[in-house]
Amino acid sequence: MRLEEIQSLWEQDAQIDRTELGDESLRIVKLHSKYYRIFSQERLMLRKMEAEYKELYRDKYEWFNGTLAKETMNLHGWEPNPLKILRTDISMYIEADGQMRTAGLKVEMQREKVEFLESIIKTLIPMGYNIKNAIEWAKFQNGA
């Protein structure tokens, strides 16, 4: 699921009908379930992406170091590294590598989705109390 889709869903679900506060308080449980399910899926995807990033980092390190197995090079479609790079400089080359930057951006985008979903869930937790306070305020204004 794309971040924009999640944001759009939340924009719709975050609307509270002030005339039906009782129904809105019951809707919180459904919203929590919905967003926690999405959160769990996206968090698992993040963990998978992080693991794949670490594997790619290891392969790139070994490739720049000249110790990567030919089978692994063939798997990635890489040719042997023609450069002789000092071990202290390998991290600089890895950071500048296009595949690593792309993989890193994907991980960061996924992390952003997980953080956004986490904030939605944290918003839903006190929502029941806020609705209860709104009901109490409406009663107070009506003289009850």
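How many salt bridges does the count come to? The count comes to 11 salt bridges. The model discussed here is predicted.

## Salt bridge between H1 and H2

Lys 34 and Asp 13 meet through their side chains in a salt bridge, with an N to O distance of 2.6 Å. Lys 34 belongs to helix H2 (residues 21–65) and Asp 13 to helix H1 (residues 3–13), so this pair ties together parts that are 21 residues apart in sequence.

The two partners fall into separate accessibility classes. Asp 13 counts as buried because its relative accessibility is 12%, under the 20% limit for that class. Lys 34 has a relative accessible area of 22% and is partly exposed.

## Salt bridge within H2

Glu 24 pairs with Arg 27 in a salt bridge whose closest N and O atoms are 2.9 Å apart. Both residues lie in helix H2, with a separation of three residues, or about one turn of the helix. Glu 24 is buried, at a relative accessible area of 11%, while Arg 27 is partly exposed, at 23%.

## Network at Arg 2, Glu 4 and Glu 5

Arg 2, Glu 4 and Glu 5 are joined into one network by salt bridges that share partners. One of the pairs is Glu 4 with Arg 2, where the closest N and O atoms are 3.4 Å apart. Glu 4 is partly exposed, with a relative accessible area of 41%.

## Largest pocket

The largest pocket holds about 160 Å³ of space. Its lining consists of Met 49, Glu 52, Tyr 53, Leu 56, Gln 99, Thr 102, Ala 103, Lys 106 and Val 107. H2 and helix H5 (98–124) are the elements that give two or more residues to this lining. The largest share, five residues, comes from H5.

By class, five of the lining residues are nonpolar, two are polar and two are charged. Among the nonpolar ones are Met 49 and Leu 56. Glu 52 and Lys 106 are charged, and Gln 99 and Thr 102 are polar.

## Nonpolar surface patch

A nonpolar patch on the surface is formed by Leu 83, Met 92 and Tyr 93, which together have about 290 Å² of accessible area. Tyr 93 sits in helix H4 (residues 87–96).

Why can Tyr 93 be part of a patch while being partly exposed? Tyr 93 has a relative accessible area of 33%, and patch residues need over 30%, so partial exposure at this value is enough to meet the area cut-off.

Note on methods:
Residues are numbered from 1 along each chain as its sequence is written. This is a predicted model: local features need pLDDT of at least 70, side-chain atom pairs count only at pLDDT 80 or more; totals for chains, interfaces and linings use all residues. Side-chain values use heavy atoms; hydrogens and water are left out. Patches are made of residues with over 30% relative accessible area and no salt bridge: like charges are joined within 9 Å, nonpolar side chains (Val, Leu, Ile, Met, Phe, Trp, Tyr) within 5 Å. Accessible areas come from the Shrake-Rupley method with a 1.4 Å probe; for residues, only the protein chains shown count as cover. A salt bridge is a side-chain nitrogen of Lys or Arg within 4 Å of a carboxyl oxygen of Asp or Glu. Helices (H or I, at least four residues) and strands (E, at least two) are DSSP runs, numbered from the N terminus. Buried means under 20% relative accessible area, exposed over 50%, partly exposed in between (1.4 Å probe, protein chains only). On a 1 Å grid over the protein atoms alone, a cavity is a set of points where a 1.4 Å probe fits but cannot get out, and a pocket is an open set with protein on both sides within 12 Å along at least five of seven lines; lining residues have an atom within 4 Å of a point. Grid points are joined across faces, edges and corners, and a volume is the space filled by probe spheres set on the points.
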